[in-house]
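The exercises below ask you to read strand pairing, helix packing and core formation from a model. Work through each task with the structure open before turning to its solution.

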Amino acid sequence: MRKQPYNPQEITLESLRDKMVHLLKHVETITQHRDRTLLEVGVATALFEILKPEAVNIFKVQDSGHQTLLHRLAHAGSDGVSYCDTDFESSDEVIALNSREDFRTCVSEERNVADDVDGADRFNYCLPVAYDGKIGGIVELRGAAPMTDERWELALGFVSLYRNYLSLLDYSERDTLTGLLNRRTFDENLSKILGSIRPMHVDESLMPGDDRRHRRNLEHPHWLAVMDADHFKRINDQFGHLYGDEVLILLSNLMRESFRFEDKLFRFGGEEFVAVLRPTEAADVAMVLDRFREKVEKHHFPQVGQVTISIGYVALRAGDTAAVALGAADEALYYAKNHGRNQVCSYQQLLDEGKIQPRAYKDDLELF
């Protein structure tokens, strides 16, 4: 059999094809997820496998009081892959933005930063994830050698893909008027949270050592609060829908100011809002919700004047369905509405005091 002559060009094309197939598989993996956690893990893993740095970290930029914090969401390195699902748990690494000059420059100047750390043997690369007029995160690559121009272009390309996909997710998850999360996103988040809750009597020693989300759920539950602006139809009828929309926007802004950044805030439509609060004590939930109610009551709404809000809330427990949780919070809300408005009512407290009776809710019940 006659052998074909050696052709360097064919070898190069074949190698290029293999690289492209490898890249496209990573792109496919990244873009097939609507879950942000899986997206972040996919991006970190792709960058680590393709660029071969020592580690890749993805941080979320989050304002917290008077400082800006970076919460690590995903990590890929020689020690493996780790991640944080922010619906359930706190990040394993939180860094104050001002504690690192490269991070501060990356965010404040919205530009890529390459740092030579401790001389010439350590290199950090920080790439901002900017979309929709904001810096949402930072991708950090650590290595013992500088990246080549080719690898740097690949890194920029994957970060651009990540940024664009985040923007699309954000658009699909947000209410167009208020910017809060929408009803569809609520359904997905609540189902995920309810599926994560374990019974209070579970022996914690039997759980995996790193199962932090379940350990915290044993200590304190998530909470669901349903809120409704009082006499909102009267506002629309008296002042018009433009002023009604402005009231809704201002209410959503007050919500952002009143709740922790870990809490999830939703607009269901009309004047109805929902908050899913991270695990905390019952007394703290009552305080946070009443503080928000009071802030709304004291706020001056242009042209409209005073607006008040009624709130019903309930703890999320193991075995709850979405219909059960929403039905309970909704019943507490309507009790508040029918007994003076401008108040916060706990479903469990109303039950304990005999003011309402337990009710069964069908799984397919439409509450709003």
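**Exercise 1: the partners of β1**

In this predicted model, β1 and strand β2 (residues 67-77) pair in the antiparallel sense over 10 bridges. Find which strand is joined to β1 by 6 bridges, and name the residues that stand opposite Lys60 and Phe59.

*Solution.* Begin on the β2 side, where Lys60 stands opposite His71. Next, turn to strand β7 (residues 134-143), which runs antiparallel to β1 and is joined to it by 6 bridges; here Phe59 faces Ile138. Finally, consider burial: of the 10 residues in β1 (residues 55-64), 7 are buried, and the strand is therefore described as mostly covered.

**Exercise 2: the five-stranded sheet**

Work out the strand order of the open sheet of 5 strands, and explain why β9 and β12 each have one side without a neighbour in the sheet.

*Solution.* Step one is the order, which reads β9-β10-β8-β11-β12, with mixed pairing. Step two follows from it: β9 (264-269) and β12 (344-346) stand at the edges and have a single partner strand each, so one side of each lacks a neighbour in the sheet. Step three concerns the pair formed by β8 (residues 223-229) and β11 (residues 309-315), which is antiparallel and spans 7 bridges, with Val226 having Gly312 as its bridge partner in β11. Step four adds the helices: α10 (residues 322-338) packs on the sheet, touching β8, β9, β11 and β12, and its direction makes about 145° with that of β11, while α9 (residues 282-298) lies across β8, β10, β11 and β12, running at about 165° to β11.

**Exercise 3: α7 against α8**

Decide how α7 and α8 are oriented to each other, and list the residues through which they meet.

*Solution.* The axes of α7 (residues 232-239) and α8 (residues 241-258) come within 7 Å and cross at roughly 140°. Angles over 145 degrees would count as roughly antiparallel, and the two helices are therefore oblique to each other. At the contact, Phe232, Ile235, Asn236 and Phe239 of α7 meet His241, Tyr243, Gly244, Val247 and Leu248 of α8; by class, these are 6 nonpolar, 3 polar and no charged residues.

**Exercise 4: the nonpolar core**

Identify the elements that each supply at least two residues to the largest nonpolar core.

*Solution.* This core has 29 residues, and among those with the most contacts inside it are Val247, Phe292 and Phe301. The elements sought are β8, α7, α8, β10, α9 and β11. Phe301 touches residues including Val247, Leu250, Val296 and Val307.

Note on methods
Residues are numbered from 1 along each chain as its sequence is written. This is a predicted model: local features need pLDDT of at least 70, side-chain atom pairs count only at pLDDT 80 or more; totals for chains, interfaces and linings use all residues. Side-chain values use heavy atoms; hydrogens and water are left out. Two strands pair if DSSP finds at least two bridges between them. Helices (H or I, at least four residues) and strands (E, at least two) are DSSP runs, numbered from the N terminus. Contact means heavy atoms within 4.5 Å. Axes are lines fitted to C-alpha atoms, for helices over the stretch in contact, and angles run from 0 to 180 degrees between N-to-C directions. Angles under 35 degrees count as roughly parallel, over 145 as roughly antiparallel, 65 to 115 as roughly perpendicular and the rest as oblique. Ala, Val, Leu, Ile, Met, Phe, Trp, Tyr, Cys and Pro count as nonpolar, Asp, Glu, Lys and Arg as charged, and the others, Gly among them, as polar. A nonpolar core is a set of buried Ala, Val, Leu, Ile, Met, Phe, Trp, Tyr and Cys residues joined through side-chain atoms within 4.5 Å. Buried means under 20% relative accessible area, exposed over 50%, partly exposed in between (1.4 Å probe, protein chains only). Lists of a residue's contacts leave out its neighbours within four places in sequence.
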